[in-house]
Amino acid sequence: MAESDNLPVDAALPSKSEESAVSPTPAYRALAESEKKYRTLFNFMPIAMWQLDARRMRQMIMGLREAGIEDLATYFAEHPEFLEEAEASLRVTEANERTLHLFGATDREELLRAMPDLWLTGARDWVAAAKAREGGAKFHSAESSIRRMDGSIAEIMYSVAFADPDDPDGLHVVGAVDISEERRAKRSLEESERMYRYLFQYMPVSLWQTDSSKLVERFNQLREEGVTDLEQYLEAHPEFLDEGVRLLRIQSVNERTVEMLGGTTPADFVSSIERFWEINAEAFRQNLIARFKGKESVTGETKLNTFDGRVIDVFYTAAFPLALNERGISVAGVLDITDRTRAERQLRQLEADFAHASRVATLGELTASIAHEVNQPLAAIITNGEASLRWLSKAEPDVEKAKEIALDMIADARRASDVMTRIRSMAAGAMPAPEVVPVNAAIGEAVNFLGRELRDHHVQVELALSEDEPSAVADRTQLQQVLVNLIVNAVHAMADKPFKERRIVLRTALLDQDTVEIEVDDRGVGFRDAETEKIFDSFYTTKKNGLGIGLSICRSIVEAHGGSIRAANSSNGAKVSFTLPAARSDAQPVA
């Protein structure tokens with residue numbers, strides 16, 4: 001602004017007494033109106049603006065240049081007295097209302113006197129401004145700091161419009177806005193980003209960030225083509241699995257992932273996930289189906305290839321919430337469960353060994369019953385054989401009678417063979433082989449197997465079997481092992497009861513289309529308080545000479561089949577019931 005800018009608006013206009021003698025010209029009035037307009041604009045600009053008289057500082061810096069000083073920053077640092085003198089020469093000649101607000105001032109004149117000392121990063125800013133002006137720039141912008149009148153610090157973004165280099169009396173105009181809140185928010189955001197980046201990098205869990213944008217695009221294409229059921233689509237187009245694996249690309253992983261998969265740096269992993277996840281197609285299939293349905297996460301177990309040629313078992317959770325999915329980002333957490341999986345395999349083998357031992361021990365207990373079961377058909381075969389010889393040794397052999405007896409011998413031999421088959425099945429240590437088993441028939445076989453044991457202990461068995469003829473998905477031998485164990489336990493529980501009270505009720509029921517229930521109800525002594533909670537624990541027994549592994553094995557077998565087992569007291573004794581998955585109605589039972 002010119003020197004007249006410091007005058008009040010009305011000072012340039014004539015007084016009323018003068019108006020009567022001298023009438024202002026139209027040009028003068030137009031100039032006055034223009035001056036008033038621009039003064040108003042200046043004062044009420046929404047940004048802080050002030051005029052800076054830096055002519056003395058400019059002359060001092062020009063003197064340094066003429067003396068051969070090129071590095072102003074170094075010179076200022078080595079000669080702080082020069083900088084103090086230069087800054088003391090600065091004068092703020094005018095400031096608008098927003099400037100008062102920025103500096104927290106109420107008195108304009110007081111602020112104008114104090115302003116040069118309120119600029120906190122003088123040396124850096126003066127050097128940058130001088131270089132910009134010497135380079136021919138008309139403007140220079142940067143961030144800086146100021147001290148308000150109350151002593152607090154504010155961070156600002158400023159821009160200086162340099163005076164006309166051809167006008168030796170020209171003044172600079174500076175505009176500034178307060179960016180303190182923005183800078184605080186930025187620092188807070190940077191700190192938060194740094195914290196979460198550290199969390200990502202150094203979490204003790206393997207973390208993956210993947211680019212799923214191509215997969216999202218492909219899903220959208222499928223929807224446009226009318227695909228609504230990805231599971232059905234995959235059955236018709238199994239090759240889409242391979243395409244889906246290739247479309248998911250790893251963006252970054254953390255240090256735990258590098259260590260777990262034998263990599264060198266996270267950069268080793270920037271590729272398609274196909275490099276690592278090419279083994280378990282079913283797990284990836286479920287991942288794709290969950291994504292397509294709009295679920296936000298999916299969990300599962302799979303195997304991963306490592307850089308050093310190993311294959312590890314992992315449990316993973318893949319998350320693709322809408323906010324991330326729209327940006328084409330997915331994250332996954334992965335846990336190495338190789339040791340756990342190995343331990344589970346060993347535990348299953350140990351349980352199988354215990355189950356085998358239990359079956360053999362049961363056979364040992366039932367030796368007399370087995371011998372009786374086999375001796376009966378063998379004795380009948382001998383008797384019928386001798387009778388057959390007598391009929392054939394007659395003067396006139398009775399061939400028809402001998403044929404009848406031969407048929408009886410064949411039936412008895414088959415009966416003996418069936419007994420031996422059941423014994424071999426019980427004694428076998430083969431791995432479980434699930435099949436569709438008619439439950440009522442399996443119970444009948446178990447009762448027949450224990451026939452001599454039941455008779456010797458004077459135990460009556462009542463069959464209350466479901467008319468629905470339910471079938472279960474189970475290993476036939478293991479199912480019968482559970483039944484035999486529970487029935488034998490019931491027999492032993494009634495050892496002190498009078499003969500007429502020794503009764504076992506075996507029930508079956510189809511609870512729903514998915515579940516079959518089998519119940520063994522005895523008239524024994526029942527369970528003591530809290531025994532029903534412990535009865536299936538390993539090595540817990542209610543028998544004087546028991547090992548406490550029979551019911552534990554029963555629970556392991558039932559749970560391995562996807563069922564559950566429980567014990568309770570009934571009105572007359574105790575009952576143990578267990579469930580198994582029901583076979584589909586169209587499944588074919590194995591006789």
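Buried residues (under 20% relative accessible area, 1.4 Å probe, protein chains only) make up 39% of the 591 residues in the protein chain. This is a predicted model, so to speak plainly about limits: local features need pLDDT of at least 70, side-chain atom pairs count only at pLDDT 80 or more, and totals for chains, interfaces and linings use all residues. Numbering runs from 1 along each chain as its sequence is written, and side-chain values use heavy atoms, with hydrogens and water left out.

**Fold**
- The chain has 23 helices and 17 strands, taken as DSSP runs (H or I, at least four residues; E, at least two) numbered from the N terminus.
- Of the contacts (heavy atoms within 4.5 Å) with a separation of 6 or more, 66% join residues 24 or more positions apart.

**Nonpolar cores**
- The largest core (buried Ala, Val, Leu, Ile, Met, Phe, Trp, Tyr and Cys joined through side-chain atoms within 4.5 Å) has 41 residues, and Leu-479 and Phe-578 are among those touching the most other members.
- α21 (476–493) is one of the elements supplying at least two residues, and α21 gives the most, with nine.
- A second, separate core has 39 residues, including Leu-64 and Ala-130.

**Cavities**
- There are four cavities of 30 Å³ or more; a cavity is a set of points on a 1 Å grid over the protein atoms alone where a 1.4 Å probe fits but cannot get out.
- The largest has a volume of about 220 Å³, counted as the space filled by probe spheres set on the points.
- Its 17 lining residues (an atom within 4 Å of a point) include Trp-208 and Trp-277, two of the closest to the centre.
- β10 gives the most to this lining, with four residues.

Notes
Buried < 20%, exposed > 50% of the residue type's maximum accessible area, 1.4 Å probe, protein only. 1 Å grid on protein atoms, 1.4 Å probe; cavity = no way out; pocket = protein on both sides within 12 Å on 5 of 7 lines; lining within 4 Å.
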